[in-house]
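Work through the exercises below with the sequence and the model open. Each task is followed by a solution in steps.

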Amino acid sequence: MKVLLLAKMDDHDRVVENFAHKFMTKGFEIHVINVVSIPSEIPLKMNGEVIDVCTEYNLSKYYDKQKANNEQLQNFLSQVKTEFKGSLIGDPLNIVKHFVREKGIEFVISGGHLTSHTEDIFSNSFSNQLMQELSVPYLSIKGDEAEPSLKNIAIVREFVDPAKRNLELIQKLQEKLNCRVILVKINTPNSHMEETELRSKMEQFAQLNGLSNVEFLTIEGADKETTIRSLVESHHIDLLTLGHIHRNGISYFLRGDLRSDVLNHINVPIYMY
């Protein structure tokens, strides 16, 4: 399984590294990159990296930063064999998207941080850009714990279609750590399913995706973001997994994308698939 880790050269990297160590086992091909971001007016290649010869701008400070980051990267995931490890210069989002396509990456990991509703109005977090733009699952690791626990995983989705999904990461975590998986359906006035039908679909979903040690949970809640936040706190969720879940109608018009709000506002590692 090919994995891309984004190292930001900040305090998040230690949490990302320790989290990754929990499931990096045989069968993973690890790629690690750091991207030194540059102003948008500097010309780039098609892969998002700065052009090889740029005489119009003085890029020396960016190359100095790249050199320093490459030195720091030698200590990142030093106990794990990596296929590639390096710092690149250019546009972070385009570099990541090109790297995913070029190397056949199957999921991406990076650190993330919380944002406020006001911040969301004026800017789009990099984590949210990755979630929206990537064609592969994305794991955003937030939290203050240097040694994050991984005992309880919640998978929140509508369970309308109990098909096989891209949950190999969850399977690997269960194999290595015997994590408990809680399948969660949030019933709202506009999204309600009878208990018997829902339980059948949840059981099919668990079987199709090779999940074990599974519990089933139905929650009544008018506001899904608030309900998910309460779920994380009350069930001590260590990893939140979001599948097909959304706001409807006027709620979407007024408040926007539910997955973006959960990603930006809830302080727990989140796996989007």
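**Exercise 1: two helices that pack on α5**

Helices α5 and α10 cross in a right-handed manner. The model is a predicted one.

Task: Describe how α5 and α10 pack, and state which residues meet.

Solution.
- Step 1, geometry. Helix α10 covers residues 258-265, and its axis lies 10 Å from that of α5, at an angle of about 145 degrees.
- Step 2, residues. From α5 come Ser127, Asn128, Met131 and Gln132, which meet Arg259, Ser260, Leu263 and Asn264 of α10.
- Step 3, classes. The contact of α5 with α10 has 5 polar, 2 nonpolar and 1 charged residues.

Task: Describe the contact of α3 with α5 in the same steps, ending with the residue classes.

Solution.
- Step 1, geometry. Helix α3 (residues 92-103) and helix α5 (residues 126-133) have axes that come within 11 Å and cross at roughly 35 degrees. The crossing in which α3 passes α5 is right-handed.
- Step 2, residues. On the α3 side the contact is made by Pro92, Leu93, Val96 and Lys97, and on the α5 side by Phe126, Gln129, Leu130 and Glu133.
- Step 3, classes. Here the count is 5 nonpolar, 1 polar and 2 charged residues.
- Step 4, spacing. An α-helix has 3.6 residues a turn, so residues three or four places apart point the same way. With that in mind, compare the α5 residues listed for α3, namely Phe126, Gln129, Leu130 and Glu133, with those listed for α10, namely Ser127, Asn128, Met131 and Gln132.

**Exercise 2: a residue in α5**

Task: Is Asn128 buried or exposed, and which residues does Asn128 contact beyond its neighbours within four places in sequence?

Solution.
- Step 1. Asn128 lies in helix α5.
- Step 2. The relative accessibility of Asn128 is 4%, and the cut-off for buried is under 20%, so Asn128 counts as buried.
- Step 3. Leaving aside neighbours within four places in sequence, Asn128 is in contact with Ser260, Leu263 and Asn264. These three names also appear on the α10 side of the contact with α5.

**Exercise 3: helix α1 and Asp13**

Task: How many of the residues of α1 are buried, and against which strands do the buried residues pack?

Solution.
- Step 1. Of the 10 residues of α1, 7 are buried, and the helix is mostly covered.
- Step 2. The buried residues are Asp13, Val15, Val16, Glu17, Asn18, Phe19 and Ala20.
- Step 3. They pack against β1 (2-6), β4 (107-111), β5 (138-141) and β9 (239-242).

Task: Place Asp13 in its surroundings.

Solution.
- Step 1. Asp13 belongs to helix α1, which runs over residues 12-21.
- Step 2. Its relative accessible area is 9%, so Asp13 is buried.
- Step 3. Beyond the neighbours within four places in sequence, Asp13 contacts Leu6, Ala7, Lys8 and Phe76.
- Step 4. Phe76 is 63 residues from Asp13 in sequence, and the C-alpha to C-alpha distance is 8.1 Å.

**Exercise 4: the whole chain**

Task: What does the radius of gyration of the protein agree with?

Solution.
- Step 1. The protein has 273 residues, for which a compact globule would have a radius of gyration near 19 Å.
- Step 2. The protein has 20 Å, which agrees with that value.
- Step 3. The C-alpha trace spans about 65 × 45 × 30 Å along its principal axes.
- Step 4. Buried residues make up 51% of the 273 residues.

Notes
Residues are numbered from 1 along each chain as its sequence is written. This is a predicted model: local features need pLDDT of at least 70, side-chain atom pairs count only at pLDDT 80 or more; totals for chains, interfaces and linings use all residues. Side-chain values use heavy atoms; hydrogens and water are left out. Axes are lines fitted to C-alpha atoms, for helices over the stretch in contact, and angles run from 0 to 180 degrees between N-to-C directions. Helices (H or I, at least four residues) and strands (E, at least two) are DSSP runs, numbered from the N terminus. A crossing is left-handed if the near helix is turned anticlockwise from the far one by less than a right angle, and right-handed if clockwise. Contact means heavy atoms within 4.5 Å. Ala, Val, Leu, Ile, Met, Phe, Trp, Tyr, Cys and Pro count as nonpolar, Asp, Glu, Lys and Arg as charged, and the others, Gly among them, as polar. The radius of gyration is taken over C-alpha atoms; the globule rule is 2.2 Å times the number of residues to the power 0.38. Buried means under 20% relative accessible area, exposed over 50%, partly exposed in between (1.4 Å probe, protein chains only).
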